[in-house]
Amino acid sequence: GRLIKVISLRGKYSPKFGDTVIGKVIDMSFSNWFVDIDCAETAVLSLREVNEFVEKGADLSQYYSYGDMIVAKISKVTRANVEITMKAPGLRKLIGGYLIKVNPSKVPRIIGKQGSMINLIKDNTGCRITVGQNGYVCIQGEPEQELLAADVIDFISREAHKEGLTEKVTNMFQSKKTKDESK
């Protein structure tokens with residue numbers, strides 16, 4: 001009758017329907033983009049699943065080209081492939097910002113309960129932060145604030161298995177403010 005809760009310290013990303021992911025365009029065909037989302041399968045983004053109207057026979061690299069980073073949602077997972085979509089709010093091509101990679105098993109801790117941890121970081125840095133369930137985090141804001149947010153996310157990733165993390169992160173921001181005010 002006892003319950004043991006296990007928190008994984010490491011793990012590979014396993015795509016699930018509805019996950020938000022950040023991926024890199026690695027190939028194209030006449031009607032699809034192929035996106036690396038750091039899992040066993042390459043994700044497929046179909047022409048039908050993008051927000052822009054794409055004319056038949058158009059050069060797909062005008063929309064998303066090799067090396068472009070995009071935010072998408074997993075729309076279908078089968079044994080053969082993973083399909084993604086960009087037809088939802090917040091899904092877009094990433095332009096600028098700071099991209100970091102964390103272990104996918106740490107993502108829930110970075111987001112926090114009901115987004116509490118990520119909102120704490122956003123509120124204290126003024127950055128726009130997009131977290132992919134596959135472990136990629138995009139931080140967009142002032143360069144100094146991007147680095148601060150990246151340091152905090154790295155700290156959370158290292159300390160994810162410990163208790164009292166929200167208090168420690170709050171203290172990090174408070175000590176940063178105290179240092180800035182004393183200058």
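The questions and answers below concern a predicted model and take up its helix packing, its nonpolar cores and a few single residues.

Me: Is helix H2 roughly parallel or roughly antiparallel to helix H3?
Reply: The axes of H2 (residues 116-125) and H3 (residues 143-159) come within 10 Å and cross at roughly 155 degrees. Because angles over 145 degrees count as roughly antiparallel, the relation of H2 to H3 is roughly antiparallel.

Me: Does H2 pass H3 in a left-handed or a right-handed crossing, and how many charged residues does their contact hold?
Reply: The crossing of H2 past H3 is right-handed. On the H2 side the contact involves Met117, Ile121, Asn124 and Thr125, and these meet Gln145, Leu148, Ala149, Val152, Ile153 and Ile156 in H3. Divided by class, the residues of this contact are seven nonpolar and three polar, and the number of charged ones is no charged residue at all.

Me: Is H2 roughly parallel or roughly antiparallel to helix H4?
Reply: H2 and H4 (residues 165-182) pack with their axes 11 Å apart, at an angle of about 5 degrees. Since angles under 35 degrees count as roughly parallel, H2 is, with respect to H4, roughly parallel.

Me: Which residues of H4 make the contact with H2, and how many residues of that contact are charged?
Reply: From H2 come Met117, Leu120, Ile121, Asn124 and Thr125, while H4 contributes Leu165, Thr166, Val169, Thr170, Phe173 and Lys177. By class, this contact of H2 with H4 has six nonpolar and four polar residues, and the charged ones number one.

Me: Which element gives the most residues to the largest nonpolar core?
Reply: The largest nonpolar core has 27 residues, and those with the most contacts inside it are Trp33, Ile37, Leu45, Tyr64, Ile70 and Ile84. The elements that give two or more residues to this core are the strands E1 (20-28), E2 (32-36), E3 (43-46), E4 (69-77), E5 (82-85) and E8 (136-140). With five residues, the element that gives the most is E4.

Me: How many residues does the other core have?
Reply: In soluble globular proteins, nonpolar side chains tend to be buried together. Apart from the largest core of this model lies another one, with Val102, Ile110, Ala150 and Phe173 among its members, and its residues number 23.

Me: Is Gly23 buried or exposed?
Reply: Gly23 has its place in strand E1, and, leaving out residues up to four places away in sequence, Gly23 touches Val35, Asp36, Ile37, Asp68, Met69 and Ile70. Its relative accessible area is 2%, and because buried means under 20%, Gly23 is classed as buried.

Me: What is the phi of Asp38, and is this residue exposed or partly exposed?
Reply: Most residues other than glycine have a negative phi. Asp38, which sits in the loop between E2 and E3, is not a glycine and yet has a positive phi of about 60 degrees. The relative accessible area of Asp38 is 23%, so this residue is partly exposed.

Me: Near what value is the phi of Gln114, and is this residue buried or exposed?
Reply: Gln114 lies in the loop between helix H1 (107-111) and H2, and, although it is a residue other than glycine, its phi is positive, near 55 degrees. With a relative accessible area of 84%, Gln114 is exposed.

Notes: Residues are numbered from 1 along each chain as its sequence is written. This is a predicted model: local features need pLDDT of at least 70, side-chain atom pairs count only at pLDDT 80 or more; totals for chains, interfaces and linings use all residues. Side-chain values use heavy atoms; hydrogens and water are left out. Axes are lines fitted to C-alpha atoms, for helices over the stretch in contact, and angles run from 0 to 180 degrees between N-to-C directions. Helices (H or I, at least four residues) and strands (E, at least two) are DSSP runs, numbered from the N terminus. Angles under 35 degrees count as roughly parallel, over 145 as roughly antiparallel, 65 to 115 as roughly perpendicular and the rest as oblique. A crossing is left-handed if the near helix is turned anticlockwise from the far one by less than a right angle, and right-handed if clockwise. Contact means heavy atoms within 4.5 Å. Ala, Val, Leu, Ile, Met, Phe, Trp, Tyr, Cys and Pro count as nonpolar, Asp, Glu, Lys and Arg as charged, and the others, Gly among them, as polar. A nonpolar core is a set of buried Ala, Val, Leu, Ile, Met, Phe, Trp, Tyr and Cys residues joined through side-chain atoms within 4.5 Å. Buried means under 20% relative accessible area, exposed over 50%, partly exposed in between (1.4 Å probe, protein chains only).
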